[in-house]
Amino acid sequence: MPELPEVETVVRGLQLALPGRQILTVRMGKIDFIHEPDLLAERLPGSRINSVSRCGKFIAVELAPSAATANPEARLHLVIHLGMTGRLTAGAPTEPVPPHTHVFLTLDDGNELRYTDIRRFGKMRLAPDSWMDELRARWGQDALAISASEFVERFGSRASRIKALLLDQHTVSGIGNIYADESLWRARIHPARRADRLTAKQLRALHRAIQTTLLAAIRMKGSSFSDYVDAEGKPGMFQRMHRVYQREGMACRRCAQQIRRIQVAGRSSFFCPRCQPAPRARKNFGARKK
DNA sequence: AGCTCTTCCTGAAAGC
DNA sequence: TGCTTTCAGGAAGAGC
C-alpha cells in the first residue's frame, strides 16, 4: 500500500518525466473515483505541467495557468491519492495496458501517463490553489518535515492509542500501517500504548524512528507487497528490510522473540512482545483521574 | 474526545 | 474440484 516513501518515489520518478510536458488528450475508463471527471476532460487537454510534488500521501501535478483562463493566478492542480492499489506510471503508449487502468493522458513527447487502480480506493480531482491550501491546513504536518519538539507536543497531549494517532493523517501525514508498525518497533513502543502516557524521551525516540524508517524506505524505493510500483512500473525493495510487518510468528531481529499480531485501531498491528512491552492492564481500582 | 463500525472495491486465500 | 466466504486496508462518516 502506498505510504509516504512509495508516494515520494513515484513523485521523484514523475519529476523526471512530467515538468514542461503538455497534455494532449485525456481518456477515462471508470470514473467513480474521480471528482468532477468532466472538469478533467475539459481542462487537461492543452495544459502544460509545471511541477510534481507530494503532500502527505497526495500527489499534486501543478499545471501552468492557461492563456485561455481569465484569471492567470488561478492555477490548477491534478491531485491524486493512490489509495490502496493505485499506480501512476509514465511510459511509452505501446506498453501493454494493465487491467483496471482508468485514466490515460497522452503527452507531447509521445509518452503516456496512466492511472491504474484495482480497488479504486484512490482519488483524483482537478483542484485550485485554494483547495491545496485547505488540504494543508486540515492535514497534519508531513511526517518527514515535523520537528521533534512539535511531534512531542502534538502526540503527548493525546489520549488515543499511539498506533491510531500515527495512522490519523490529521495528526501527522504520510504514515500508514507498514511504517507505523516499523517505526514503533524501532522505538520499542507497543502499538496500543496511550500517547499521553509515553515519556517525552519515548516520543522523541519515536520521532527519530519515523525519520530513519521513512528515509531508509525511500532509499529502497518503497515497499512492494502486491500492487505498489514506482513511476516506471518497478517494485520497491524495502519489504526485505521489514522488521515486524507481515512477520507474525517469525523471530524478532533484535531479541528472537516471536513477532505477534493484534488489532489496534481496526488495523493489523505487528510487534515484538518482548521489545515492545504492552501497556499495563487498566483496572478500575488503579484508574487515575485527571 | 476518541472509540468502533460501516462503506467503498477487488483478488487472493482460506474454508467447505 | 469448485464454489462461497473472509480478509486486507486509506479515509470519511455515523453513532455511542
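How many bridges join strand β6 to β8, and in which sense do the two run? I started from this and looked the pair up in what is a predicted model. Strand β6, residues 86-91, is joined to β8 by six bridges, and the two run antiparallel.

**Entry 1: pairs around β8**

I looked up two positions of β6 against β8. A90 stands opposite L113, and G86 stands opposite D117.

I then turned to β7, residues 101-107. β7 pairs with β8 over five bridges, in the antiparallel sense. I found L113 again here, as the bridge partner of L105. L113 therefore has A90 opposite it on the β6 side and L105 as its bridge partner from β7, with the strand pairs themselves counted by the rule of at least two bridges.

I checked the hairpin of β7 and β8. Four residues lie between the strands, and G110 takes a positive phi near 90° there.

**Entry 2: the sheet**

I wrote down the strand order next. The sheet is open and has four strands in the order β1-β7-β8-β6, with antiparallel pairing. β1, residues 23-28, and β6 are at the edges with a single partner strand each, so one side of each has no neighbour in the sheet. From one strand to the next, the twist averages 15°.

**Entry 3: burial of β8**

Are the residues of β8 buried or exposed? I went through residues 112-117 and noted six of the six as buried, so the strand is largely enclosed by the rest of the structure. I also sorted them by face. E112, R114 and T116 are on one side, L113, Y115 and D117 are on the other, and all are buried.

I took T116 as a single case within strand β8. Its relative accessibility is 5%, so T116 counts as buried, the limit being under 20%. The side chain of T116 makes a polar contact of 2.8 Å with the side chain of T101.

**Entry 4: R120**

I moved on to the loop between β8 and β9, residues 123-128 for the latter, where R120 is found. At 23% relative accessibility, R120 counts as partly exposed. I compared R120 with G83: they are 37 residues apart in sequence, and their C-alpha atoms are 7.4 Å apart in space. R120 is also one of the residues around DNA strand B, which I took up next.

**Entry 5: DNA strand B**

Which residues surround DNA strand B? I listed K30, D32, H100, I118, R119, R120, F121, R158, A159, S160 and R161. By class, I noted six charged, three nonpolar and two polar residues in the surface near this strand.

I checked which part of the DNA comes within 4 Å of the protein. For strand B, 76% of those atoms belong to sugar or phosphate, and the rest belong to bases.

I recorded three individual distances. A polar side-chain atom of K30 is 3.4 Å from a phosphate oxygen of DNA strand B. A159 brings a backbone N or O atom to 3.0 Å from a phosphate oxygen of DNA strand B. R119 has a side-chain N or O atom 3.2 Å from a base oxygen of DNA strand B.

**Entry 6: DNA strand C**

I repeated the lookup for the other strand. DNA strand C is surrounded by 15 residues, of which K57, H81, R119, Q169 and R261 are the closest. Among the atoms of DNA strand C that come within 4 Å of the protein, sugar and phosphate account for 60%. By class, I noted five charged, five polar and five nonpolar residues in the surface near strand C. R119 appears in the lists for strand B and strand C.

Again I recorded three distances. The side chain of H81 has an N or O atom 2.7 Å from a phosphate oxygen of DNA strand C. A polar side-chain atom of R261 is 2.7 Å from a phosphate oxygen of DNA strand C. For R267, a side-chain N or O atom is 3.1 Å from a base nitrogen of DNA strand C.

**Entry 7: cysteines**

How many disulfides does a search of the whole structure find? I got zero. I looked at C255, whose closest cysteine sulfur is in C272 at 3.5 Å, too far for a bond, because a disulfide needs the sulfur atoms within 2.5 Å. C255 is partly exposed, with a relative accessible area of 21%. C55 is buried, with a relative accessible area of 12%.

Methods
Residues are numbered from 1 along each chain as its sequence is written. Chains are lettered from A and ligands numbered from 1 in the order in which they are written. This is a predicted model: local features need pLDDT of at least 70, side-chain atom pairs count only at pLDDT 80 or more; totals for chains, interfaces and linings use all residues. Side-chain values use heavy atoms; hydrogens and water are left out. A residue is near a molecule or strand if one of its heavy atoms lies within 4 Å of it. A polar contact is a pair of N or O atoms within 3.5 Å; within protein, one must be able to donate a hydrogen and the other to accept it, and residues adjacent in sequence count only if both atoms are side-chain atoms. Ala, Val, Leu, Ile, Met, Phe, Trp, Tyr, Cys and Pro count as nonpolar, Asp, Glu, Lys and Arg as charged, and the others, Gly among them, as polar. Buried means under 20% relative accessible area, exposed over 50%, partly exposed in between (1.4 Å probe, protein chains only). Axes are lines fitted to C-alpha atoms, for helices over the stretch in contact, and angles run from 0 to 180 degrees between N-to-C directions.
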